[in-house]
Amino acid sequence: KEKVEITKEQQALMKIITDAYNRHQIPQDVAKKLLQDQYSAEENFLLLTEMATSQVQVLVEFTKNIPGFLSLDREDQIALLKGSAVEAMFLRSAQVFSRKMPSGHTEVLEERIRKSGISEEFITPMFNFYKSIGELHMVQEEQALLTTVTILTPDRPYVKDQQAVERLQETMLDVLRKLCVLQHPQEPQYFARLLGRLTELRTLSHYHTEMLASWRMN
Ligand SMILES: O=C(NC1CCCCC1)[C@H](C1CCCCC1)n1c(-c2ccc(-c3nnn[nH]3)cc2)nc2ccccc21
């Protein structure tokens, strides 16, 4: 049985990324707002656009801390950010939804989101994704690395030097793979399940434009 060991460099890399991920959180917590008050569809739509906008700024700041990201071609950096912003937004939403909350709060939050204005057809795939992320019980290092792997997807539109992005992504995937083995020894398939979520995430983000367009305004 191969002994899995995270090297000193990988430990340092993981710390940089996790600290950056925790530092760049959404300013005021959207879950708290939603648990406090019931908003109209228009207010929810505005809240979503505000949250998504501030999340893009958070994403830009976060990527600056990914070792090697700033050495990529500048236009490729922009292509990676544009290509991953929606996925990162849904991933962060899933992590917000799966957070441990006082009993009954998750149900209230789910209800508020179901009634927020999102059209019916997207509710099920979105919550299926949120629940599949929740079932993974990711530690924060895994969450940070998964977001990093998502950002460093080589086949985003307009990326010129895909090899350079691939090399960076592979570095992160290697750390994530080892971390999964060490964190979930009883589940050898955990890493594969984690990567499977990225496929679900890409599908969900394809709906995004349609979801916004079909938001039920009164
Ligand atoms: O604000 C939000 N998410 C932010 C979380 C932090 C990162 C930036 C996005 C929205 C809420 C907006 C107001 C109405 C209720 C949902 N949100 C969503 C969500 C819902 C629909 C679309 C969408 N996209 N296109 N059409 N609808 C996107 C995200 N899922 C959430 C799960 C937990 C907590 C909040 C959640």
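Is R99 buried, exposed or partly exposed? R99 is partly exposed, with a relative accessible area of 36%. This is a predicted model. The structure holds 14 salt bridges and seven aromatic pairs. The points below cover two helices and their surroundings, then the charged pairs, the rings, and two buried residues.

**Helix α3**

- Helix α3 runs over residues 41-63, and its 23 residues should span 33 Å at 1.5 Å a residue. The C-alpha atoms at its ends are 32 Å apart, which agrees with that figure.
- The buried residues of α3 are A41, N44, L47, M51, S54, Q55, V58, L59, F62 and T63.
- An α-helix has 3.6 residues a turn, so residues three or four places apart point the same way.
- The cover over the buried residues of α3 includes α1 (8-23), α2 (30-36), α4 (74-98) and α7 (140-151).

**Helix α8**

- For α8, 22 residues at 1.5 Å each should span 32 Å, and the end C-alpha atoms agree with this at 31 Å apart.
- Buried in α8 are A164, V165, L168, Q169, M172, V175, L176, K178, L179 and C180.
- Helices α1, α4, α7 and α9 are included in what covers the buried residues of α8.

**Salt bridges**

- Side chains of opposite charge can pair when their charged atoms come close.
- D29 and R99 form a salt bridge in which the closest N and O atoms are 2.4 Å apart. This pair links distant parts of the chain, with D29 in the loop between α1 and α2 and R99 in the loop between α4 and α5 (105-114), 70 residues apart.
- K160 and D73 form another salt bridge, with 3.2 Å between the closest N and O atoms. K160 lies in the loop between α7 and α8 (162-183) and D73 in the loop between α3 and α4, so the pair links distant parts of the chain, 87 residues apart.
- D73 is partly exposed, with a relative accessible area of 36%.
- R202 and E87 meet through their side chains in a salt bridge, at 4.0 Å from N to O. R202 belongs to helix α9 (residues 190-213) and E87 to helix α4, so the pair ties together parts that are 115 residues apart in sequence.
- R202 counts as partly exposed because its relative accessibility is 30%, whereas E87, at 5%, counts as buried.
- E87, D155, R156 and R202 are joined into one network by salt bridges that share partners.

**Aromatic rings**

- Among the seven aromatic pairs is the edge-to-face pair of Y21 and F62, with 5.6 Å from centre to centre and 75° between the planes.
- Y21 is in helix α1 and F62 in helix α3, and the pair links these distant parts of the chain, 41 residues apart. Both Y21 and F62 are buried.
- F129 and Y130 form a tilted pair, 6.3 Å centre to centre with 55° between the planes. F129 and Y130 are both buried.
- One aromatic cluster is formed by F97, F127, F129 and Y130.
- The ring of Y21 also has a charge over it: the charged end of R92 sits there, 4.2 Å from the ring centre.

**Q77 in α4**

- Q77 is placed in helix α4 and counts as buried because its relative accessibility is 5%.
- A polar atom of the Q77 side chain lies 2.8 Å from the backbone oxygen of L72.
- Leaving aside residues up to four places away in sequence, Q77 touches F69, L70, S71 and L72.

**L201 in α9**

- L201 is located in helix α9. L201 is buried, with a relative accessible area of 0%.
- L201 and A88 are 113 residues apart in sequence, while their C-alpha atoms are 8.9 Å apart in space.
- Not counting residues up to four places away in sequence, L201 touches E87, F90, L91, F129 and T150.
- Two of these contacts appear above: E87 in the salt bridge with R202 and F129 in the pair with Y130.

Technical notes: Residues numbered from 1 in each chain as written. Predicted model: local features only at pLDDT ≥ 70, side-chain atom pairs only at ≥ 80, totals over all residues. Heavy atoms only, no water. Helix = DSSP H or I, 4+ residues; strand = E, 2+ residues; numbered from the N terminus. Expected span 1.5 Å × (residues − 1). Buried < 20%, exposed > 50% of the residue type's maximum accessible area, 1.4 Å probe, protein only. Contact = heavy atoms within 4.5 Å. Polar contact = N/O pair within 3.5 Å; in protein donor to acceptor, adjacent residues only side chain to side chain. Phe/Tyr/Trp six-rings, centres within 6.5 Å; stacked < 30°, edge-to-face > 60°. Lys NZ or Arg CZ within 6 Å of the ring centre and 35° of its normal.
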